[in-house]
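Student: I have a model open and want to read it properly. Can we go through it by question and answer?

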Amino acid sequence: MSIPFPQPQRAEVNGQSIAYDIAGSGPPLLLLPGYPQCRALWRPIAPLLADVFTVITADLRGYGDSSMPQTVQAMSFRHIGADMLALMSSSTPISNSVRPT
């Protein structure tokens, strides 16, 4: 059974607004797009994975519906990685969906 994604959501992390979708239940699976894509890349397959996983698809800072940093230096992979770590941490709405029981 395929689970459709609900309305897009946003999380404020590291001074950026990160757009993401979340659906399903089970172990968390964070799907990230490659350059220069956005989370829409995962729409054909994410609902199938949501049968087994809690699937989170996120737009990286500066892409898709996420906010754009003010400097080029703030677009580094180090910053992007920190955003995704914060997105999956206990300080965001996602954590309630993916916290182990």
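The turns below cover confidence, sheet, cores and a few single residues.

Student: What kind of model is this, and which element has the lowest mean pLDDT?

Tutor: This is a predicted model; local features need pLDDT of at least 70, side-chain atom pairs count only at pLDDT 80 or more, and totals for chains, interfaces and linings use all residues. Residues are numbered from 1 along each chain as its sequence is written, and side-chain values use heavy atoms, with hydrogens and water left out. pLDDT is the predictor's confidence in each residue, from 0 to 100; the chain averages 87, and 82% of the residues score at least 70. Helix 2 has the highest mean, 95, and the lowest, 61, belongs to helix 3 (residues 94-98).

Student: Which strands sit at the edges of the sheet?

Tutor: Elements are DSSP runs numbered from the N terminus: helices are H or I with at least four residues, strands E with at least two. Strands pair if DSSP finds at least two bridges between them. The open sheet has 4 strands in the order 1-2-4-3, with mixed pairing. Two strands pair on one side only, and these edge strands are strand 1 and strand 3 (28-31).

Student: In what sense do strand 1 and strand 2 pair, and what stands opposite Arg10?

Tutor: Strand 1 and strand 2 share 5 bridges, in the antiparallel sense. Across from Arg10, in strand 2, stands Ala19.

Student: At what angle does helix 2 run to strand 2?

Tutor: Axes are lines fitted to C-alpha atoms, for helices over the stretch in contact, and angles run from 0 to 180 degrees between N-to-C directions. Helix 2 lies across strand 1, strand 2, strand 3 and strand 4. Its angle to strand 2 is about 50 degrees.

Student: Which element gives the largest share of the largest nonpolar core?

Tutor: A nonpolar core is a set of buried Ala, Val, Leu, Ile, Met, Phe, Trp, Tyr and Cys residues joined through side-chain atoms within 4.5 Å. This core has 13 residues, of which Ile18, Tyr20, Ala58, Met84 and Leu87 touch the most other members. Two or more residues come from each of strand 1 (9-13), strand 2 (16-24), strand 4 (54-58) and helix 2 (77-88). The largest share, 4 residues, comes from helix 2.

Student: How many residues form the second core?

Tutor: The second core is separate and includes Ala23, Leu31, Ala50 and Val55. Its count is 5 residues.

Student: Is Asp59 buried or exposed?

Tutor: Asp59 lies in the loop between strand 4 and helix 2. Its contacts (heavy atoms within 4.5 Å) include Ile18, Cys38, Arg39 and Met84, not counting residues up to four places away in sequence. Buried means under 20% relative accessible area, exposed over 50%, partly exposed in between (1.4 Å probe, protein chains only). Asp59 has 1% relative accessibility, so the residue is buried.

Student: Why is the pair of Tyr35 and Tyr63 edge-to-face?

Tutor: Rings of Phe, Tyr and Trp (its six-membered ring) pair if their centres lie within 6.5 Å; planes under 30 degrees apart count as stacked, over 60 as edge-to-face and the rest as tilted. The count comes to 1 aromatic pair. Tyr35 and Tyr63 have ring centres 6.1 Å apart. The pair is edge-to-face because the planes stand at 90 degrees.

Student: Which residue does a cis peptide bond join to Tyr35?

Tutor: Omega of this bond is about -10 degrees. The partner's place is in the loop between strand 3 and helix 1 (46-49). The partner is Pro36.
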